[in-house]
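Visitor: Could you walk me through this one? I'd like to begin at a single residue and work outwards.

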Amino acid sequence: MSILLPGAAAPAIPGVRFGPSALFFYKVTCPVCQMAAPYADRFEDAYPGRITGIGQDSQTDLEEFSKTYRLSFPSVADTDPYALSDAYGIEAVPTLFLVGEEGKILDAAESWDREGFNRISRGLADLIRTEYLFISEEGDGLPAFRPG
């Protein structure tokens, strides 16, 4: 299986309303996810209510992770056998998706990908007609890319 490509229908996630929105797949023990999570939280700051985390961990672990990294976006647990991650074709975490109004995947960024996160931020801002926020900029201490 491979990651869902633009144009594919976003599989339903219980309790999550789509479009336009961002989905952030992660695992609490993943060092790249730990690095990227505070930057994913910038989506919540810029576009309130438009990002949901899908963590490959228990809800208790996700809540602890959110406290540790001061995350303000909600997260949904996707525990073994990782049905949600499988439905989205997740091959690496973190993975960030942009979902459009009609529930279609519009874009995706695998691993930590500064350009991808910024591109998804711009796409979300355009869809909801608001000011665009750079998620990460050169010189902020993060690499341009780091595999998950």
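Guide: Let us begin at Pro-147, which sits in the segment after β7 (145-146); please bear in mind throughout that this is a predicted model.

Visitor: OK, is Pro-147 buried or exposed?

Guide: Pro-147 counts as exposed, because its relative accessible area is 53% and the cut-off for that class is over 50%.

Visitor: And what does Pro-147 touch, leaving aside its neighbours within four places in sequence?

Guide: With those neighbours set aside, Pro-147 is in contact with Val-32 and Ser-111. There is also a spatial relation to Val-93, which is 54 residues away in sequence, while the C-alpha atoms of Pro-147 and Val-93 are 8.4 Å apart.

Visitor: Which peptide bond at Val-93 should I look at?

Guide: The one that joins Val-93 to Pro-94, since the bond there is cis, with omega at about 0°. Pro-94 itself belongs to the loop between α3 and β4. A cis peptide bond also runs from Asp-80 to Pro-81, where omega is near 25°, and Pro-81 is placed in the loop between β3 (75-77) and α3 (83-87).

Visitor: Back to Ser-111, then. What is its phi?

Guide: Phi of Ser-111 is near 65°, which is a positive value in a residue other than glycine. Ser-111 lies in the loop between β5 and β6 (112-113), and it is buried, because its relative accessible area of 6% falls under the 20% cut-off.

Visitor: What about Arg-129, and where is it found?

Guide: Arg-129 is found in the loop between α4 and β7, and it too is not a glycine although its phi is positive, at about 55°. As for its surroundings, Arg-129 is exposed, with a relative accessible area of 75%.

Visitor: Switching to the fold: how many helices and strands does the chain have?

Guide: The chain has four helices and seven strands, and if you read along the sequence they come in the pattern β-α-β-α-β-α-β-β-β-α-β.

Visitor: What about the core, and which residues touch the most other members?

Guide: The largest nonpolar core holds 47 residues, and those that touch the most other members are Leu-23, Phe-24, Phe-43 and Tyr-88. At least two residues of this core come from each of β1 (21-26), α1 (31-46), β2 (51-55), α2 (59-68), β4 (95-99), β5 (105-110) and α4 (114-128). The element that gives the most is α1, with eight residues.

Visitor: Which residues does Tyr-88 touch?

Guide: Not counting residues up to four places away in sequence, Tyr-88 touches Ser-2, Ile-3, Leu-4, Ala-10, Pro-11, Ile-13, Phe-18, Leu-23, Phe-25, Phe-97 and Ile-105.

Visitor: And the overall dimensions, what does the radius of gyration agree with?

Guide: It agrees with a compact globule, because such a globule of 148 residues would have a radius of gyration near 15 Å and the chain has 14 Å. Along the principal axes, the C-alpha atoms fill a box of roughly 35 × 35 × 25 Å. Of the 148 residues, 51% count as buried, and among contacts between residues at least 6 apart in sequence, 67% join residues at least 24 apart.

Visitor: Last topic, the surface: what area does the chain expose, and how far apart are the mean positions of its charges?

Guide: The chain exposes about 7,200 Å², with carbon and sulfur atoms supplying 51% of it. There are 12 positive and 22 negative charges, and their mean positions are 4 Å apart.

Conventions:
Residues numbered from 1 in each chain as written. Predicted model: local features only at pLDDT ≥ 70, side-chain atom pairs only at ≥ 80, totals over all residues. Heavy atoms only, no water. Rg over C-alpha atoms; globule rule 2.2 N^0.38 Å. Buried < 20%, exposed > 50% of the residue type's maximum accessible area, 1.4 Å probe, protein only. Contact = heavy atoms within 4.5 Å. Areas by Shrake-Rupley, 256 points an atom, 1.4 Å probe, with all protein chains shown as cover. Lys, Arg positive; Asp, Glu negative; His and termini not counted. Charge placed at Lys NZ, Arg CZ, Asp CG, Glu CD. Core = buried A, V, L, I, M, F, W, Y, C linked by side-chain atoms within 4.5 Å.
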